Amino acid sequence: MGQNVGFLLLPVMMIILCSMAFAQDSEVAENGRKMFIEKRCYTCHTINAESDAIQKEKVAFAKSKGVELKPDDEDDEGIAPDLSDIGTKKDAESMTAFLKNPKKSFKDTPVCKSNAKKKYRKRFKGSPEELDVLVIYLSSLNYDSYMEEDFVSCLKEE
Ligand code: HEC
């Protein structure tokens, strides 16, 4: 009898642990997307691989604030990269450093300087905890790239 219970325990434990890991994972994504909208990252960046979930979050956010959703600013198109694969390019540490002080990372070529006039280099406004939520989520994004081929980055090489 005792032996049978022990035999059952392992698979049951594994199922519990797996579902815990899964729940944690989707919580990271959910909270991260929420922060991505709340902090207005979406006004410049897309996460095309999760566009449905992002759209849902946008609608929920607008509703919770009782505001109308503004259409995305078309001026911004093509200047900020899609972030679907950002987790494969940058680690959490470098993203945190970047968001705290984006200016440092930008090139000073004439084109990039003129882009910068449109306030593309604002530092993150929020608590360290909020930044963590966002960065942990972004580091988890490792989809295929959705970047347009002719995208020219204004970020310095690392
Ligand atoms: C006003 C437009 C704008 C807003 C708002 C904005 N960004 Fe950006 N972001 C940019 C631009 C422009 C770049 C640099 C792109 C380049 O030249 O490679 C960038 C770069 C990045 C990068 C580095 C991308 C890479 O390929 O290394 C990350 C990560 C990022 N932004 C995250 C965020 C997050 C998170 C938010 C919200 C807190 C945010 N951005 C809000 C315009 C914006």
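Helix α4 gives the most to the shell around the ligand, with 3 residues, and this shell is a convenient place to enter the structure, which is a predicted model. Two further helices, α3 (86-89) and α6 (128-139), join α4 (92-100) in supplying at least two residues each to the shell. By class, the residues around the ligand divide into 17 nonpolar, 3 polar and 5 charged. Of the 25 residues that make up these surroundings, C41, C44, H45, S153 and C154 come nearest to the ligand.

The fold that carries this shell consists of 6 helices and 0 strands, so that the order of elements from the N terminus on reads α-α-α-α-α-α. Of the 158 residues of the protein, 25% count as buried.

Which residue of the protein serves as donor to the iron atom of the ligand? The iron atom has a single donor from the protein, namely NE2 of H45, at 2.0 Å. H45 is placed in the loop between α1 (2-38) and α2 (51-65), and its side chain also has an N or O atom 2.8 Å from a nitrogen atom of the ligand. Two other side chains approach oxygen atoms of the ligand: an N or O atom in the side chain of K90 is 2.6 Å from a ligand oxygen, while for S153 the corresponding distance between a side-chain N or O atom and an oxygen atom of the ligand is 2.5 Å.

The loop that holds H45 is also the place of R40. The phi angle of R40 is near 65 degrees, a positive value in a residue other than glycine. Is R40 buried, partly exposed or exposed? R40 counts as partly exposed, because its relative accessibility is 43%, a value between the limits of 20% and 50%.

K90, whose side chain has a polar atom 2.6 Å from an oxygen atom of the ligand, leads on to the aromatic residues. The charged end of K90 sits over the ring of F98, at 5.0 Å from the ring centre. The structure holds 1 aromatic pair. This pair is formed by F98 and F106, with 6.2 Å from centre to centre and 35 degrees between the planes, and it is tilted. A pair of aromatic rings is described by the distance of the centres and the angle of the planes. The reason for the tilted label is that the angle falls neither under 30 degrees, where a pair would count as stacked, nor over 60, where it would count as edge-to-face. F106 counts as buried because its relative accessibility is 12%, which lies under the 20% limit.

Two further residues may be followed from their accessibility to a partner that is remote in sequence. T96 is placed in helix α4, and T96 counts as buried because its relative accessibility is 17%. From T96 to F124 the separation is 28 residues in sequence and 9.2 Å in space, taken from C-alpha to C-alpha. V152, by contrast, has its place in the segment after α6, and V152 is exposed because its relative accessible area is 66%. V152 and C112 stand 40 residues apart in sequence, and their C-alpha atoms are 9.7 Å apart in space.

Taken together, the surroundings of the ligand draw on helices α3, α4 and α6, while the donor to the iron atom, H45, comes from the loop between α1 and α2.

Key: Residues are numbered from 1 along each chain as its sequence is written. This is a predicted model: local features need pLDDT of at least 70, side-chain atom pairs count only at pLDDT 80 or more; totals for chains, interfaces and linings use all residues. Side-chain values use heavy atoms; hydrogens and water are left out. A residue is near a molecule or strand if one of its heavy atoms lies within 4 Å of it. A polar contact is a pair of N or O atoms within 3.5 Å; within protein, one must be able to donate a hydrogen and the other to accept it, and residues adjacent in sequence count only if both atoms are side-chain atoms. Helices (H or I, at least four residues) and strands (E, at least two) are DSSP runs, numbered from the N terminus. Ala, Val, Leu, Ile, Met, Phe, Trp, Tyr, Cys and Pro count as nonpolar, Asp, Glu, Lys and Arg as charged, and the others, Gly among them, as polar. Donors are N, O and S atoms within 2.8 Å of the metal (3.2 Å for Na, K and Ca); water is not among the atoms, so sites may look incomplete. Rings of Phe, Tyr and Trp (its six-membered ring) pair if their centres lie within 6.5 Å; planes under 30 degrees apart count as stacked, over 60 as edge-to-face and the rest as tilted. Buried means under 20% relative accessible area, exposed over 50%, partly exposed in between (1.4 Å probe, protein chains only). A charge sits over a ring if NZ of Lys or CZ of Arg is within 6 Å of the ring centre and within 35 degrees of the ring normal.
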